[in-house]
Amino acid sequence: MRENIKRDYYLQQLIDKRENGLIKVVTGIRRSGKSHLLFILFKDYLLEQGIKKEQIIELPLDVDEYVDYRDPDKMSKYIHEKITDDKMYYILIDEVQYAISKEELKNPENIRLYNVLNGLLRLRNVDVYVTGSNSKMLTKDVLTAFRNRGDEVKVYPLSFREYYDFVGGDKSEAYEEYALYGGMPLVLSRKTDAEKARYLQGLFEETYFKDITERYDIELEEVLKELTDDLCSSIGSLTNSTKIANTLQSVKQIKVSSNTISKYLNYLVESFLFNVAQRYDIKGKKHFEYPSKYYCTDIGLRNARLNFRQQEETHIMENIIYNELIYRGYNVDVGVVEIIEKVDDKRTKKQCEIDFVVNVGSKRYYIQSALSIPDENKMQTELRPLKNTNDFFKKIIITKSSMKPWNDEDGILHLGLFDFLLNENSLDF
């Protein structure tokens, strides 16, 4: 089943970057489909283009058969032995972080693997692709470590459009299923609700927590789990490390410093489990250092972590919209607008929030997420911050409906959720 899931958006990125002289680095959360993209979809594309099987050198380092090649020197020898002529060879290395030691990570410029891969690029007939599930070793330092020869492709769980293209049927029913179990590709191979729930819950204990604990030498595992639960429970809410530390102490009687919480927050983001959205002062044109909002990379993982108990539809929809914007390659902040009002001859200042400030190139969009707008009061609440930005960037309200897009008298676009999710150009209606 999984082989039939299309990831055309990412496949096209790999095709566009083919033979560009750079190391293509495919990053993303574990089990999001990186291996499927590289070893099935991209490999099939190469074969369809007439590339011979022997020209494709595969090294899945998380497979027992290839454990020896986690040693960069053995990996280098193996690859060079496979290159027997002047034809173009495609090197596909999966979960490349297994070939990097903890000691090497302390000084990324001396990582032996990077020297091996950079050395391969000196050969004119080699094109290198790697995947990795930890951004600290494959995003922050990638351009430096690869001597400015790294080119990243970020892979996320299935977007709703990818999900719906596979399952089809009624859009509303598909969305409800997606909003419950999310877009991790292997969820689609689980037939019952119980199987889907067990799979998602097992990912945290058997994969994500284990990876983070081993990678970062986590001493307070219980704190990491409680922190994860807190973030899952409060998606779309402003928070910071001090607030979380205080909550853990008062509610769970767990004493932990805000510095430790801050480090663990970074680990969860670096492992692609969460994304963070900063607050942005629209009129002052500056970011606030804190508090911020954290969104789960996959809503199904969030629900599973909470045992499917907290199904706040408003927050889930907001998280799905955020993920879609990130998937499309936009930079996303939380907007803050200061509004001055006159009440009883007194001037008062009030900060209002715009759910998302979305930037791409020279374009900007302001987006409000509203589950429904049942009356005029709710409508004015949503419109108020949009009308007070004092600029001419596009303003949009997304509601959970099947209505056709329309613009009100202020030029604000009203967009149905399904139109937004299923049309990649929906923000420009």
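**Figure 1. Which strand pairs with β3 in the parallel sense over five bridges?** In this predicted model, the partner is strand β2, which covers residues 56–60. To find one rung of this pairing, look for I56, whose bridge partner in β3 is Y90. Strand β3 itself spans residues 89–94, and six of its six residues are buried, so the rest of the structure largely encloses it. Follow the side chains along β3: Y89, I91 and I93 point one way, while Y90, L92 and D94 point the other way. Both sets are buried. If strands are new to you, it helps to know that strands of a sheet pair through backbone hydrogen bonds, either parallel or antiparallel.

**Figure 2. The whole protein, before we zoom in again.** The protein holds 17 helices and 16 strands. Its C-alpha atoms fill a box of roughly 85 × 50 × 45 Å along the principal axes. What radius of gyration does the protein have, and how does it fit a compact globule? The value is 23 Å, which agrees with the value near 22 Å expected for a compact globule of 429 residues. Buried residues make up 52% of the 429. Among contacts with a separation of 6 or more, 66% join residues that are 24 or more positions apart. Turning to the surface, the protein exposes about 20,400 Å², and carbon and sulfur atoms supply 44% of that area. There are 63 positive and 70 negative side chains, and the centres of these two sets lie 3 Å apart.

**Figure 3. An open sheet of eight strands.** Try tracing the strands in order: β9-β8-β11-β12-β13-β14-β16-β15, with mixed pairing. Which strands stand at the edges? They are β9 (286–287) and β15 (406–407), and each has a single partner strand, so one side of each is left without a neighbour in the sheet. Elsewhere in this sheet, β13 (residues 363–370) and β14 (residues 394–399) pair in the parallel sense over six bridges. For a landmark on this pair, find A370, which stands opposite T399 in β14.

**Figure 4. An open sheet of three strands.** Here the order is β6-β10-β7, and the pairing is antiparallel. The edges belong to β6 and β7 (274–277), each with a single partner strand, so one side of each has no neighbour in the sheet. Four bridges join β7 to β10. One place to see the match is N275, whose bridge partner in β10 is Y295.

**Figure 5. T239 and the residues around it.** T239 lies in strand β6, which covers residues 238–239. Is T239 buried or exposed? Its relative accessibility is 7%, so T239 counts as buried, since the cut-off for buried is under 20%. Leaving aside neighbours within four places in sequence, T239 is in contact with I244, P291, S292 and Y294. One of these contacts, P291, is worth a second look: the peptide bond from Y290 to P291 is cis, with omega near -5°. P291 lies in the loop between β9 and β10 (292–296).

**Figure 6. Two loop residues with a positive phi.** Some background first: most residues other than glycine have a negative phi, and most peptide bonds are trans. E19, however, has a phi near 55°. E19 sits in the loop between α1 (8–17) and β1 (23–27), and with a relative accessible area of 40% it is partly exposed. Q253 also has a positive phi, of about 55°, although it is not a glycine. Look for Q253 in the loop between α12 (241–251) and α13 (258–270). At 60% relative accessibility, Q253 counts as exposed, because the cut-off for exposed is over 50%.

**Figure 7. A304, a buried helix residue.** The helix in this view is α14, made of residues 299–305, and A304 lies in it. With a relative accessibility of 2%, A304 counts as buried. Which residues is A304 in contact with, leaving aside its neighbours within four places in sequence? They are L200 and Q201. Another residue to find in this view is C232: A304 and C232 are 72 residues apart in sequence and 9.6 Å apart in space, C-alpha to C-alpha.

Conventions:
Residues are numbered from 1 along each chain as its sequence is written. This is a predicted model: local features need pLDDT of at least 70, side-chain atom pairs count only at pLDDT 80 or more; totals for chains, interfaces and linings use all residues. Side-chain values use heavy atoms; hydrogens and water are left out. The radius of gyration is taken over C-alpha atoms; the globule rule is 2.2 Å times the number of residues to the power 0.38. Buried means under 20% relative accessible area, exposed over 50%, partly exposed in between (1.4 Å probe, protein chains only). Contact means heavy atoms within 4.5 Å. Accessible areas come from the Shrake-Rupley method with a 1.4 Å probe; for residues, only the protein chains shown count as cover. Lys and Arg count as positive and Asp and Glu as negative; His and the chain ends are not counted. The place of a charge is taken as NZ of Lys, CZ of Arg, CG of Asp or CD of Glu. Two strands pair if DSSP finds at least two bridges between them.
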